[in-house]
Amino acid sequence: MGMPEPDPFSSLLLPPANETAEEKALREQHELEAQRTSDRIDEQIKLERAALKKQKGIVRVLLLGQSESGKSTTLKNFRLKYARTAWKQERNSWRSVIQLNLLRSVNTILDVLQAEMDGEPVDRPTTSTSSDLVAEGEDVDGVEAAMSVEDKHAEESEESDAGVGLEGMGLEGMISIGNEDAAQARMGKSGAGTPNTSPSPTSASPSTLLSSPLLSASTAPTSPNPNSPVALPSDGPLTSHHQLLKLRLGPLRRVEMDLRRRLGAGAEEDYGVTPLGTVTNTQVTSASNNVGAGTGTLVAKRSRPEFGVREWKDALVNGQQGATYHGRGSQHGHGRASELGHGSQVGHESRQVVEAGERGDVDEATEVIASCREDMKALWMDPIVRDVLKKRRMRLEDSAGFFLDDLERIATRTYEPSDDDVVRARLRTLGVQEHRIQFDQSVGQNQFFSSTLGQDFGKEWILYDVGGSRTIRHAWLPYFDNVNAIIFLAPISCFDERLLEDSRVNRLEDSFLLWRAVCTSKLLAKTTMILFLNKCDLLKRKLKSGILVKNYLPSFGDRTNDAPTVVRYLREKFRDILKQHSPEPRVSYFYPTSVTDTKATATTLKTVRDSILREHLKSADFV
Ligand SMILES: Nc1nc2c(ncn2[C@@H]2O[C@H](COP(=O)(O)OP(=O)(O)OP(=O)(O)O)[C@@H](O)[C@H]2O)c(=O)[nH]1
Ligand SMILES: [Mg+2]
């Protein structure tokens, strides 16, 4: 065995034979620098890999669906189950929001009474809009016509395994309907982004009459005020007792405005008078048609403006800060979230409010609400008032943020919201809100390849909660990139309702179109799709009350008009749309839900979480 051949390169790497000491020192210095640069690059690569690994470990979920479909409520369920500490810290901060929800219902009743006293004609029976105030109506001229195109196509397509056959509208079409300009136009004079601070005309008379803000029921006038603009029609069901109740509850209009101002981080959308009417089929899918240009008679339904926020944390901090300041006697307690920070500040302020309540030293709004409790109860329990609400088709019980059955508990000086109250509280979302949740256990911890994925894989989730009304859907697009799963909320109880922002459009139909647009998107082709067929509890109630699905969805035909059958039927419709319009086969899950039921939702979320993680794991190419 001979000597191995010398490496031809090694001679090239050797220092020159005749190297001087100076040259040697210089060479070694260069070599040292080169080594340092190489180490720095290695370190950089290591950091980038770790960051990439961490990024890949983060699960991103987008909550989509029309307004009032239950997106924020689903998010609250996630936080209630998986972010307990933050949830507990924030719970009391929802008090002002819940008070506002309550006052909105009370003031709606007062509006209805006023209309009755004024002898305003009753709206023609029609479907409700998606307003928080759900109008009741068995007869629904127009909607059947509106839905019939959809169903004709659907029936045709059922044979060919096609989904809902409405004229196609791409995602861009769906999310750009009603752009900012349209929103501005609809918002009336207060405009987007500007809290409406001018007193509403309806609030003027009672609060001017009853000048003390803390006027309690016992100090309210005991006879109808001569300045009152209202004269009771002699043949109406309402009596001077109702007139009196109305006057005594007058201060609540101002308190509602104060609470709006205090929470004030967002914008109000004042829909004012919403025209409703019979529409033709083409109107349903065409945003450019004139409202009511169809065959039916126009009617108007008044709706109190709803409160919405861009950042609900800001609103919560503002609400708490205002409440605390008032408790200390300040007249101007409108704290700014940005100056206060979030999280612990919210918890701290909450404790102060509760302690203040225990000392009998509470903010003005709470004081007025507590002092009006008996009158509010008398109003809500009054059989004549209930009759008037029924006659005027106001079904407050099914509306968002309904707390009138909890007056005894909520209208007190020491009220602390329960978990359920917070879940049911309504705070409309404007824009896109990002919520981070740290799960206790990562997927890597119970998988044998945790060393490859890292211990933190799947531990951090980012949930994006978007505003669902048509005017703000354009803000969704940038979030389609790089998202692992979409939870799409379709409120299936709304088969007989119309959109608040466009009363020509049936809500179920809007959900179908939106779902189809999302399924069609190429950007989302690889995204796991999870559909919540939501508001099953309301669906059950509606069907029990005798409302027939086939009156709105003729293709439902003579199937049994019960919840399981309707859910099955609609699930198939949504499934067909997904199959037909997804650019490539994809993973999808369908769940019937009632996301205000926190216990049942917790079980669903666990399954959802596991499936999202499973898919996330599959799609992560290991770095
Ligand atoms: N009864 C019942 N109410 C529900 C259900 N899901 C949501 N709600 C209520 O419906 C209202 C609207 O729910 P949100 O979660 O605020 O709706 P959203 O989709 O976030 O609406 P935007 O923020 O306007 O896009 C709230 O008052 C909820 O309490 C449900 O399954 N059953
Ligand atoms: Mg929301």
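This passage walks through a predicted model of a protein, from its overall make-up to its main sheet, its cores, one helix and the surroundings of a ligand.

The overall make-up is a good place to begin. The predicted protein contains 25 helices and 15 strands. Its chain has 623 residues, and 45% of these count as buried. Among the contacts in the protein with a separation of 6 or more, 81% are between residues 24 or more positions apart.

A helpful landmark is an open sheet of six strands, arranged in the order β10-β11-β1-β12-β14-β15 with mixed pairing. The edges are held by β10 (432–438) and β15, each with a single partner strand, so one side of each has no neighbour in the sheet. On average, and with direction ignored, neighbouring strands of this sheet are turned by 20 degrees against each other. As general background, strands of a sheet pair through backbone hydrogen bonds, in either the parallel or the antiparallel sense.

The sheet can be followed from the β10 edge. Here β10 and β11 run antiparallel and are joined by seven bridges. Val432 has Val466 in β11 as its bridge partner. The next pair is parallel: strand β1 (residues 59–64) is linked to strand β11 (residues 460–466) by five bridges. Two residues of β1 show how this pair lines up, with Leu62 bridged to Tyr464 in β11 and Leu63 opposite Asp465 in β11. Helix α3 packs on the sheet, where it touches β1, β10, β11, β12 and β14, and its direction makes about 155 degrees with that of β11.

Further along the sheet comes β14, a strand that repays a closer look. Strand β12 (residues 485–491) pairs with β14 in the parallel sense over seven bridges, while β14 and strand β15 (residues 588–592) also run parallel, joined by five bridges. Phe532 of β14 offers a handy reference point: it is the bridge partner of Leu489 and stands opposite Tyr591 in β15. How many of the residues of strand β14 (residues 528–534) are buried? The count is seven of seven, and the strand is mostly covered. Thr528, Ile530, Phe532 and Asn534 point one way from β14, whereas Met529, Leu531 and Leu533 point the other way, and all are buried.

Attention now turns to the nonpolar cores. In soluble globular proteins, nonpolar side chains tend to be buried together. In this model the largest nonpolar core has 49 residues, and Ile486 and Phe488 are those with the most contacts inside it. Helix α22 (residues 507–520) gives the most to this core, contributing eight residues. Leaving aside residues up to four places away in sequence, Ile486 touches Leu62, Leu64, Val518, Leu524, Thr527, Met529 and Ile530. Another core, of 42 residues, lies apart from the largest one, and Trp94, Val388, Leu396 and Ala425 are among its residues.

A different setting is found at helix α16 (residues 364–371), to which Ala370 belongs. Seven of the eight residues of α16 are buried, so the helix is largely enclosed by the rest of the structure. The buried ones are Glu364, Ala365, Thr366, Glu367, Val368, Ile369 and Ser371. Ala370 is partly exposed, because 17 other C-beta atoms lie within 10 Å, and a residue needs 20 or more to count as buried. Ala370 nevertheless has partners from elsewhere in the chain: with residues up to four places away in sequence not counted, it touches Ala411, Thr412 and Arg413. Tyr415 is 45 residues from Ala370 along the chain, and the C-alpha atoms of the two are separated by 9.5 Å.

The final stop is ligand 1. Which residues come nearest to it? Of the 25 residues around ligand 1, these are Gly70, Ser72, Ala400, Thr429 and Gly468. The shell draws at least two residues from each of α3 (71–82), β9 (428–429) and α23 (536–544). Helix α3 gives the most to this shell, with three residues; this is the helix that also packs on the sheet. In terms of residue type, the shell around ligand 1 consists of four nonpolar, 14 polar and seven charged residues.

Technical notes. Residues numbered from 1 in each chain as written. Chains lettered and ligands numbered in written order. Predicted model: local features only at pLDDT ≥ 70, side-chain atom pairs only at ≥ 80, totals over all residues. Helix = DSSP H or I, 4+ residues; strand = E, 2+ residues; numbered from the N terminus. Buried ≥ 20, exposed ≤ 12 C-beta atoms within 10 Å, placed from the backbone. Contact = placed C-beta atoms within 7 Å. Pairing = 2+ DSSP bridges. Near = placed C-beta within 6 Å. Nonpolar A, V, L, I, M, F, W, Y, C, P; charged D, E, K, R; others polar. Axes fitted to C-alpha atoms, helices over the stretch in contact; angles between N-to-C directions. Core = buried A, V, L, I, M, F, W, Y, C linked by C-beta atoms within 7 Å.
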